[in-house]
Amino acid sequence: MIDKSELSEWYHRILKDAKIVDSRYPVKGMLVYRRWGLFIIRKIQRELEKMLEESGHEPMLFPVAIPENVLKKETRHIAGFEDEVFWITHAGRNELDVKLALRPTSETPIYEMFKLWIRSHRDLPFKMHQSCAVYRYETKHTRPLIRGREFLWNEGHSAHESEESAKKNILEIKEIYGKLINEVLCLPFIINERPEWDRFPGADNTYAIDTIMPDGRTLQIATIHNLGQNFSRVFDIKFETEKGTHEFVYQTSYGPSFGRLLASVICIHGDDNGLILPPRIAPLQVIIIPILFKESENEKIIEYSKEIEVKLREMGIRTEIDMSEDHPGAKFYHWEMMGVPVRIEIGPREVEGKTMKIVRRDTKEKFHINIDEIDRIGNIFNEISRNLRERAEREFKKRIFEAKNIDEIRRFIGRGIIETGWCGKRKCIEEIEEIGDVLSINNKEAMCVVCRERGREIRIAKSY
Ligand SMILES: [Zn+2]
């Protein structure tokens, strides 16, 4: 048992014990992804890539190195990243003529190629995606999977004939990310349009997908940017219209962080016994535990366990039998910690009655089903997913607060998202930002929490 109310300690313990990642690699902020963590990330990646490709994104993989002159083409963009770029300056003993950056994000190299590929309106909309590692020299406190100097993500990029087409793509991406986060990962989220001063460097609008961690701080898990024609003008990405004129394309770019998605799954669903994984991403979905204690019956128990394992595997379910020498209690404890959604216990009684004892990881509920009802496992997975989703959603709703004055903001800050009001004046927001981070400025009218003048609703929180 590990006390989850001490979230940071609990989190580090789970990362280690469940073989998620190891942060002791000798480069600060760079992780070794271990078996359990890597499996989950790859699963999330495949689910996302499938949806992106169904919506017309071409899969690609760009080089990690970006020439300095390409990275620096968009001035606002580079200004936003300059302090975080890792540079390759030498090759062997020679200094390079053109320094190479390790990609902190890939707008610039990708749009350098868009210029060569896009010719006519028939090429549009053009959409691509890649899953890769990006590099940022973070100076803030690093935290495994949450803030690192190398992290894994998927980035999507698109080019369109018109602003409407670009906006339509943003809606589609919001839907795809929403499906991934809510349906696959069973996590609640909120979309916040970031204030002007917190936009992606070079974007006209930035929409962030935020969730709330159990310690009350928000975590940005994905962003979607409307780039307008800012990059196409600089990179000279033009197309020939039907009328024969030449216009700059409209662009969008977007990406979720696989590490942050995984960190949210771990922290939001887990409990004092360890991980609780949604069945769709669990490396093992069912663990079968033979309860062996009488020589004369053991052979039959093992044989029957194998029969169940074969049936489950035929159904496409990721299953294993734990044949280790450990005591059953130790096995239960271990697989609970690893977050396996369903445990099946097989003893003499189950062999006799052709049944199996099912134990759900999320509710600890125990019940028997007959072997000829084994396809009920699929329904049990759906029930587990629904329960995880609803449970997390209830917690999320409890963490949305409304504040009518500064004292209330001080009272609620750090416990979730606070909705309040701001008039638009700088001195008022400075006072608010001393307490928390502004997640969004909404269209709804609200009275300024500082000066009491009319203004708009804002959302604030302590964020990771
Ligand atoms: Zn004010």
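**Exercise 1. Which hand does the crossing of helix 2 and helix 8 have, and at what angle do the two helices pack?**

*Solution.*
Step 1. The crossing of helix 2 and helix 8 is right-handed. This is read from a predicted model.
Step 2. Take the geometry next. Two packed helices are described by the angle between their axes and the distance between the axes.
Step 3. Helix 2 covers residues 35-54. Its packing angle with helix 8 is about 115°, and the axes are 10 Å apart.
Step 4. Angles of 65 to 115 degrees count as roughly perpendicular. Helix 2 and helix 8 are therefore roughly perpendicular to each other.

**Exercise 2. Find the residues that meet where helix 2 packs on helix 8, and sort them by character.**

*Solution.*
Step 1. Helix 2 supplies Gly37, Ile40, Ile41, Ile44 and Gln45.
Step 2. From helix 8 come Phe258, Leu261 and Leu262.
Step 3. Sort them: six are nonpolar, two are polar and none is charged.
Step 4. Now follow Leu262. Neighbours within four places in sequence aside, Leu262 is in contact with Gly37, Ile40, Ile41 and Leu145.

**Exercise 3. How many residues does the largest nonpolar core have, and which helix gives the most to it?**

*Solution.*
Step 1. The largest nonpolar core has 85 residues.
Step 2. Ile14, Ile181, Leu185, Leu187, Leu262 and Ile266 have the most contacts inside this core.
Step 3. Helix 8, residues 258-269, gives the most to the core: eight residues.
Step 4. A second core, separate from this one, has 15 residues, including Tyr111, Ala159, Leu227 and Tyr250.
Step 5. For background: in soluble globular proteins, nonpolar side chains tend to be buried together.

**Exercise 4. Is His269 buried or exposed?**

*Solution.*
Step 1. Locate the residue: His269 is in helix 8.
Step 2. Apply the cut-off. A residue is buried if 20 or more other C-beta atoms lie within 10 Å of its own.
Step 3. His269 has 22 other C-beta atoms within 10 Å, so His269 is buried.
Step 4. List its partners. Leaving out neighbours within four places in sequence, His269 is in contact with Cys186, Ile276, Leu388 and Ala392.
Step 5. Check one distance. Asp322 is 53 residues from His269 along the chain, and their C-alpha atoms are separated by 24 Å.

**Exercise 5. What percentage of the residues of the protein count as buried?**

*Solution.*
Step 1. The protein has 464 residues, and 38% of them count as buried.
Step 2. Add the secondary structure: 14 helices and 23 strands.
Step 3. Add the dimensions. The C-alpha trace spans about 80 × 55 × 50 Å along its principal axes.
Step 4. Look at contacts between residues at least 6 apart in sequence: 65% join residues at least 24 apart.

Methods: Residues numbered from 1 in each chain as written. Predicted model: local features only at pLDDT ≥ 70, side-chain atom pairs only at ≥ 80, totals over all residues. Core = buried A, V, L, I, M, F, W, Y, C linked by C-beta atoms within 7 Å. Buried ≥ 20, exposed ≤ 12 C-beta atoms within 10 Å, placed from the backbone. Helix = DSSP H or I, 4+ residues; strand = E, 2+ residues; numbered from the N terminus. Contact = placed C-beta atoms within 7 Å. Axes fitted to C-alpha atoms, helices over the stretch in contact; angles between N-to-C directions. Parallel < 35°, antiparallel > 145°, perpendicular 65-115°, else oblique. Left-handed = near helix turned anticlockwise from the far one by under 90°. Nonpolar A, V, L, I, M, F, W, Y, C, P; charged D, E, K, R; others polar.
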